[in-house]
Amino acid sequence: MVHARQKLGTTEQHTCEVLGVARSTLRYKSQRHNDDDLRLALIRLAKQYGRYGYRKVGELLRMEGWRINHKKVERLWREEGLQLPHRHKKRKRLYHHDASVIRLRPKYPNHIWSIDFVHDRLSNGRPYKMLTVLDEYTREALSVTVGTKMGANEVLEALYPLLLKRGQPAYLRSDNGPEFSAAPFQDWLRRVGITPMQIYPGSPWENGYNERFNGTLRREVLNAEWFPTTRQAQTVINHWLRQYNHIRPHHALGMRPPGPETLLEKTAARWYSPRGLDSRGNHCHPIRTRTKLRAVLREVKGYGEFSQSARRTLSE
């Protein structure tokens, strides 16, 4: 622009009109913004949630009130060197079993629950197991139960308080482990009104929702912590579980947590619990649902090896 004006001796306005350049663009001077506070907030969240990428951390920053887009978060993330190791996708088989997440997808809360085991070792080398229970529709982790030995009886003990609190699901998806395929356990589920579904042997991706949660649990907790006892492991996992359900953004839910915490004003209107749903997804009174389920569980005699805690709960 300066060279053209010097050669031709034209005015700035005429030169801009000929070249098709706006005068505001010509006079624009960039302003550098101080991003020190934003960088500190970014580093703080990256330290607090070590396995989160820039997308989840950016969503947490917007929750705190920062007005930024994902491009700026990614730029600052790269400048600070906060990169996570890339994960390589595994090859998957082309066929799917009738009980897989491809053939039967969840349609409403309490439609399909999925259960699976996660294995790990304590600091002394002793192995232990974790039973994870997930609602596939809401992606909410219902419970993670830690124990050194967990058979069909312990699985029943972990599921029993969830059934009383949230009602029974229509389907329960699991693999073909001996804890889940035991005949008394399968019969107990059918008598309560739950249809058990087992995936094809050797195809863990057919239980994809729970496998994804198990991978997140291992990356964010088990690979970062070293537990001396199962009691400490249960305490840390319970704390992380509240963070996963109420704070952690979820990609499949539009970067929203499965169960965001909200404050509601008390009213005199009739109250229905969001978890007070029957197996068809219809609203029902939570107290009546819990009472009806407790009556059904009292009538079930097929699974006689109840644990002591489950028997005490039945008598209440």
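**Exercise 1. Take stock of the chain.** State how many helices and strands the chain has, and what share of its residues is buried.

*Solution.*
Step 1. Count the elements. This predicted model has 13 helices and five strands in its chain.
Step 2. Turn to burial. A residue is buried if its relative accessible area is under 20%. Of the 316 residues in the chain, 41% are buried.
Step 3. Look at contacts with a separation of 6 or more. Residues 24 or more positions apart account for 62% of them.

**Exercise 2. Lay out the sheet.** Give the order of the strands and explain why β3 and β5 each have one side without a neighbour in the sheet.

*Solution.*
Step 1. Write the order: β3-β2-β1-β4-β5. The sheet is open, and its pairing is mixed.
Step 2. Find the edges. β3 (140-147) and β5 (195-198) stand there. Each has a single partner strand, so one side of each lacks a neighbour in the sheet.
Step 3. Add the twist. On average, neighbouring strands are turned by 25° against each other, direction ignored.

**Exercise 3. Compare two pairings.** In which sense does β4 pair with β5, and in which sense do β2 and β3 run?

*Solution.*
Step 1. Take β4 (residues 171-174). Its pairing with β5 is parallel, over four bridges. One bridge links L172 to P196 in β5.
Step 2. Place a helix here. α9 (residues 183-192) packs on the sheet and touches β4 and β5. Its direction makes about 135° with that of β5.
Step 3. Take β2 and β3. They run antiparallel, joined by seven bridges. L134 has A141 in β3 as its bridge partner.
Step 4. Inspect the turn. β2 and β3 form a hairpin with four residues between them. In that turn, R139 has a positive phi of about 60°.
Step 5. Place the other helix. α11 (residues 230-246) packs on the sheet, touching β2 (127-135) and β3. The angle between the directions of α11 and β3 is about 175°.
Step 6. Check the burial of β3. Seven of its eight residues are buried, so β3 is largely enclosed by the rest of the structure.

**Exercise 4. Describe the cavity.** Which residues line the largest cavity, and how do they divide by class?

*Solution.*
Step 1. Count first. There is one cavity of 30 Å³ or more. The largest cavity has a volume of about 40 Å³.
Step 2. Name the lining: W113, L159, L163, P169, L172, W188, L189 and I194.
Step 3. Sort by class. Eight are nonpolar, none polar and none charged.
Step 4. Assign elements. α7 (152-166) and α9 each supply at least two lining residues.

Terms used: Residues are numbered from 1 along each chain as its sequence is written. This is a predicted model: local features need pLDDT of at least 70, side-chain atom pairs count only at pLDDT 80 or more; totals for chains, interfaces and linings use all residues. Side-chain values use heavy atoms; hydrogens and water are left out. Two strands pair if DSSP finds at least two bridges between them. Axes are lines fitted to C-alpha atoms, for helices over the stretch in contact, and angles run from 0 to 180 degrees between N-to-C directions. Contact means heavy atoms within 4.5 Å. On a 1 Å grid over the protein atoms alone, a cavity is a set of points where a 1.4 Å probe fits but cannot get out, and a pocket is an open set with protein on both sides within 12 Å along at least five of seven lines; lining residues have an atom within 4 Å of a point. Grid points are joined across faces, edges and corners, and a volume is the space filled by probe spheres set on the points. Ala, Val, Leu, Ile, Met, Phe, Trp, Tyr, Cys and Pro count as nonpolar, Asp, Glu, Lys and Arg as charged, and the others, Gly among them, as polar. Buried means under 20% relative accessible area, exposed over 50%, partly exposed in between (1.4 Å probe, protein chains only).
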